[in-house]
Amino acid sequence: MVTAIVGANWGDEGKGKITDMLGEEADIIVRFQGGSNAGHTIINNYGRFSLHLLPSGVFYDHTTCVIGNGVALNIPYLIKEIDTIVKEGVPKPHILVSDRAQILMPYHILFDSYEEERLGKNSFGSTKSGIAPFYSDKFAKIGWQINEFFQDDEAIKEKIARIAEIKDVLLVNLYHSDPIDQEALFNQIVDWREQVKPYIGNVSLYLDKAIKEGKTILLEGQLGTMKDPDHGIYPMVTSSSPLAAYGAIGAGIPPYEIKQVVTVSKAYSSAVGAGAFVSELFGDEAEELRRRGGDGGEYGATTGRPRRVGWYDCVASKYGCRLQGTTDVAFTVLDVLGYLDEIPVCVGYDIDGEVTTEFPVTHLLEKAKPVFKTLPGWKCEIRGIKNYEELPENCRKYIEFIEEQIGYPITMVSNGPARTDIIYRKSALSR
Ligand code: GDP
């Protein structure tokens with residue numbers, strides 16, 4: 001069976017922890033989109049890890065970790081992450097990279113940095129990992145599928161020259177920088193293909209066989225619905241779709257094989273990068289939530305920069321869950337809220353004096369003011385609790401109120417960063 005684990009919001013919802021946890025029962029874990037621009041933090045018996053490219057299943061000996069065709073493959077990152085976890089005592093992971101995965105090239109990173117610099121105060125808040133230039137090239141049909149690195153050298157050199165013709169115009173004239181060093185790029189490709197060769201295979205064929213054999217497969221998303229290029233807060237979005245539906249394309253499996261969609265949503269909101277964030281908090285209140293958030297504060301796993309934080313947003317999450325096709329909501333990082341006397345929850349958006357609970361298009365979103373309902377806090381530590389009924393009453397009320405507002409079943413409650421910090425729950429909304 002195939003299960004997708006995806007985000008309802010702006011990313012950083014705790015997908016890595018949920019994937020790592022469900023990975024115990026899985027055979028295969030697939031990354032299907034994005035690149036090394038966002039990170040998952042995972043805490044388990046080997047230590048604390050920040051993964052950017054490797055799927056969160058790499059910590060188990062019994063799983064195969066797949067980099068699907070939809071991923072922006074940064075080869076040095078992949079090799080570095082494998083080396084890092086092995087150095088920390090994790091058994092060498094079984095990794096399979098799609099022969100159709102495209103490669104993030106050194107010039108993609110340059111273009112990302114130069115463009116953010118050029119945009120100045122209008123920048124997207126990109127992590128400058130080259131993701132937008134990478135996906136632009138993929139769809140402009142001047143990207144590199146990894147299999148192309150294995151054709152004869154003359155064909156590679158020809159393609160480099162063809163790409164440099166376009167890129168150099170921008171590098172020299174727009175960014176006032178140096179043209180592409182074609183020889184250095186060729187040598188880089190030769191070097192990279194040797195490093196990645198042992199991992200390459202026909203992923204869609206492999207997954208087809210695994211599905212037929214009844215294997216348990218997890219598709220691990222990056223970021224969340226708000227960052228989807230079509231359905232998110234365009235243009236402040238990422239460049240590949242983080243929706244479960246895209247999991248079928250980015251892994252190369254039939255859409256109807258995705259039987260379960262676990263949508264991860266954090267008990268408060270956080271966002272990185274620019275863009276409308278209706279329930280955002282500022283000042284001391286924000287600082288306190290940021291400091292207490294996650295497992296060590298709400299700071300980016302890739303950049304270390306402070307994340308924007310806010311109260312839980314039912315409007316955004318209801319929309320986020322709907323677009324994901326949610327069968328189960330995993331409600332995470334709830335333990336962090338135990339310090340609050342009262343907890344505001346955003347239940348509507350006021351746009352020009354009219355209140356809506358439907359998530360609007362971006363230019364209206366920018367005008368939206370949050371409508372809050374304040375719930376009582378529970379004022380105690382909830383880590384270590386294993387049964388739903390043992391949670392404080394106000395904590396259960398918080399979960400049940402949010403479930404009713406978003407309309408999707410919360411079947412898992414995460415009350416700590418560790419694999420074992422999880423409470424399973426029956427929901428009347430489950431289908
Ligand atoms: P992802 O990209 O969606 O995997 O999310 P991140 O890893 O960027 O952010 C989630 C952070 O919250 C990580 O540091 C996790 O270790 C941490 N985390 C996940 N679930 C819980 C939880 O239930 N409680 C606490 N306190 N931290 C959690």
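These are my notebook entries on a predicted model, taken one region at a time.

**Entry 1: the big picture of the sheet**

I started with strand order. The model has an open sheet of 10 strands, and reading across I get S9-S7-S5-S2-S10-S1-S11-S15-S19-S20, with mixed pairing. Which strands stand at the edges? Those are S9 and S20; each has a single partner strand, so one side of each is left without a neighbour in the sheet.

**Entry 2: the S9 end**

Next I walked in from S9. S9 (residues 200-201) pairs with S7 in the parallel sense, and I noted 2 bridges there. On its other flank S7 is joined to S5 (residues 64-67) by 4 bridges, again parallel. Val97 is a handy residue to click on: it stands opposite Ile200 in S9, and Ile67 stands opposite Val97 too. I also checked cover on S7 (residues 94-98), and 4 of its 5 residues are buried.

**Entry 3: S10 and S1**

Further along the order I looked at S1 (residues 2-7) and S10 (residues 217-220). They run parallel and are joined by 4 bridges. For a register check I picked Ala4, whose bridge partner in S10 is Leu219.

**Entry 4: S15 and its two neighbours**

How many residues of S15 (residues 328-332) are buried? I get 5 of 5. I then sorted them by face. Asp328, Ala330 and Thr332 sit on one side, Val329 and Phe331 on the other, and with all of them buried both faces are covered.

For the pairing, S11 and S15 run parallel with 5 bridges between them, and Lys266 has Thr332 as its bridge partner in S15. Going the other way, S15 is joined to S19 (residues 410-414) by 3 bridges, also parallel. There the partner of Phe331 is Val413.

**Entry 5: helix H7**

I moved to H7 (residues 203-212) and listed what is buried: Val203, Leu207, Ala210 and Ile211. Looking down the axis, the buried residues fall within an arc of 100°, so they line one face of the helix. The other side of H7 has Leu205, Lys209 and Lys212 exposed. Note to self: there is a leucine among the exposed ones, Leu205. Just after the helix, Gly214 has a positive phi of about 80°.

**Entry 6: helix H9**

I repeated the exercise on H9 (residues 283-292). Its buried residues are Ala286, Leu289 and Arg290. They too fall within an arc of 100° seen down the axis, so they line one face of H9. I made a note that an arginine, Arg290, is on the buried list, while Arg291 is exposed, along with Asp284, on the face turned away from the buried side.

What do the buried residues of H9 pack against? I found strand S13 (308-310) there. After the helix comes Gly294 with a positive phi, near 55°.

**Entry 7: the ligand**

Then the ligand. I count 21 residues around it, and the closest are Gly16, Thr41, Asp295, Asp335 and Ser414. I pulled three polar distances to ligand oxygen atoms. A polar side-chain atom of Asp295 is 2.4 Å from one. A backbone N or O atom of Gly16 lies 2.7 Å from a ligand oxygen, and for a polar backbone atom of Gly14 the value is 2.9 Å. Taken alone the ligand exposes 590 Å², and the protein buries 97% of that.

**Entry 8: Ser427**

Is Ser427 buried or exposed? At 11% relative accessibility, Ser427 counts as buried, because the cut-off is under 20%. Ser427 belongs to the segment after strand S20 (422-424). Its side chain makes a polar contact with the side chain of Glu403 at 2.8 Å. Leaving aside neighbours within four places in sequence, the contacts of Ser427 are Glu403, Pro409, Ile410 and Thr411.

**Entry 9: Tyr256**

Last stop was Tyr256, in the loop between helix H8 (244-251) and strand S11 (258-266). Tyr256 comes out at 59% relative accessibility and so counts as exposed. I also checked a long-range pair: Tyr256 and Val2 are 254 residues apart along the chain, and their C-alpha atoms are separated by 9.4 Å.

Conventions
Residues numbered from 1 in each chain as written. Predicted model: local features only at pLDDT ≥ 70, side-chain atom pairs only at ≥ 80, totals over all residues. Heavy atoms only, no water. Buried < 20%, exposed > 50% of the residue type's maximum accessible area, 1.4 Å probe, protein only. Arc of directions from axis to C-beta. Contact = heavy atoms within 4.5 Å. Polar contact = N/O pair within 3.5 Å; in protein donor to acceptor, adjacent residues only side chain to side chain. Pairing = 2+ DSSP bridges. Near = heavy atom within 4 Å. Areas by Shrake-Rupley, 256 points an atom, 1.4 Å probe, with all protein chains shown as cover.
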